[in-house]
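Here's a quick walk through one model, starting from a single side chain and working outwards. Keep the structure open as you read.

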Amino acid sequence: MAKKKRTRRSGNDRNLPPKVAEQKARLDASRRKINRMRQPVPKRRAIVTLFALFIFTSGGFLVFLLPSHVLVSDLRSRGVATWAEVTSSPRDKFGSPGNIKLRFDVGKREVDTTLSDWGGKRPEGLTTGSTVSVTYDPHDPTRVLTTAWVKDPPAMTLPMLIFLVLAPFFLAGTIFLTVLRHRLLAARKHDRQHEGELR
């Protein structure tokens, strides 16, 4: 009678005796419990802070976007085009165009004002003493853009882009910490209930 060859099983495949298996399961459960207890639970303050930053960045994006679109819409509907002299064209600390000053005639009076921005940005290439075509609001001549930007404003500006990128990041952080906090607290509650049942 031929002998059956005994296949050698790896240590992971061997069936452990019931008592050993039970001890191993308890040890694994105890390790998981210790790991959960060691993992810090996200504080509510951190979650609220991230959510507040999400609100701030979302609001900042809208603050740059909506007034600019309203200004362009108003100037397209009732704006008056004219030529203006650039009386001052400074640069801000980042090297971008700052508060550009203009002088132009409105009827019989001369208006000195600041060129309005679009989304926190003003056009490049305007030098002091040069002239530029602008469109102003006859109801409020301080609302003035270059005619080129009234016809074709920028699709996106750097300040708008920064807020637009940061807002989803803060929202994702808020959701992640909220879910993590809920799971950790639920797991610890379950562990305490299990301990109570064993006692």
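Let's start at Leu102: leaving aside residues up to four places away in sequence, Leu102 touches Ala84, Glu85, Val86, Thr87, Val111, Asp112, Thr113, Leu115, Val132, Val134 and Val144. Bear in mind that this is a predicted model.

So what is Leu102 part of? Leu102 and Phe104 touch the most other members of the largest nonpolar core, which has 13 residues. The elements that give two or more residues to this core are β1, β2 (101–106) and β4. There's also a second, separate core, made of 11 residues and including Leu71, Val72, Met160 and Phe163. As a general backdrop, nonpolar side chains in soluble globular proteins tend to be buried together.

Now for the sheet itself. It's an open one with 5 strands, ordered β3-β2-β1-β4-β5, and the pairing is antiparallel. At the edges sit β3 (109–114) and β5 (140–146), each of which pairs on one side only. On average, neighbouring strands of this sheet are turned by 40° against each other, direction ignored.

It's worth zooming in on β4. Is this strand enclosed or open? It's largely enclosed by the rest of the structure, because 5 of the 7 residues of β4 are buried. On one pairing, β4 and β1 run antiparallel over 6 bridges; on another, 4 bridges join β4 (residues 131–137) to β5, again antiparallel. The link from β4 to β5 is a hairpin through 2 residues.

Here are some of the residue pairs that stand opposite each other along β4:

| Residue in β4 | Opposite residue | Partner strand |
|---|---|---|
| Thr131 | Glu85 | β1 (80–88) |
| Val134 | Thr146 | β5 |
| Asp137 | Asp140 | β5 |

Two of these names tie back to where we began: Val134, which stands opposite Thr146 in β5, is among the residues that Leu102 touches. Glu85, the bridge partner of Thr131 in β4, is also on the list of Leu102 contacts.

Finally, what lies across the sheet strands? Helix α2 (residues 44–78) lies across β1 (80–88), β4 and β5, and runs at about 100° to β5. Leu71 and Val72, named above as members of the second core, fall within the residue range of α2.

Key:
Residues numbered from 1 in each chain as written. Predicted model: local features only at pLDDT ≥ 70, side-chain atom pairs only at ≥ 80, totals over all residues. Heavy atoms only, no water. Pairing = 2+ DSSP bridges. Axes fitted to C-alpha atoms, helices over the stretch in contact; angles between N-to-C directions. Contact = heavy atoms within 4.5 Å. Buried < 20%, exposed > 50% of the residue type's maximum accessible area, 1.4 Å probe, protein only. Core = buried A, V, L, I, M, F, W, Y, C linked by side-chain atoms within 4.5 Å.
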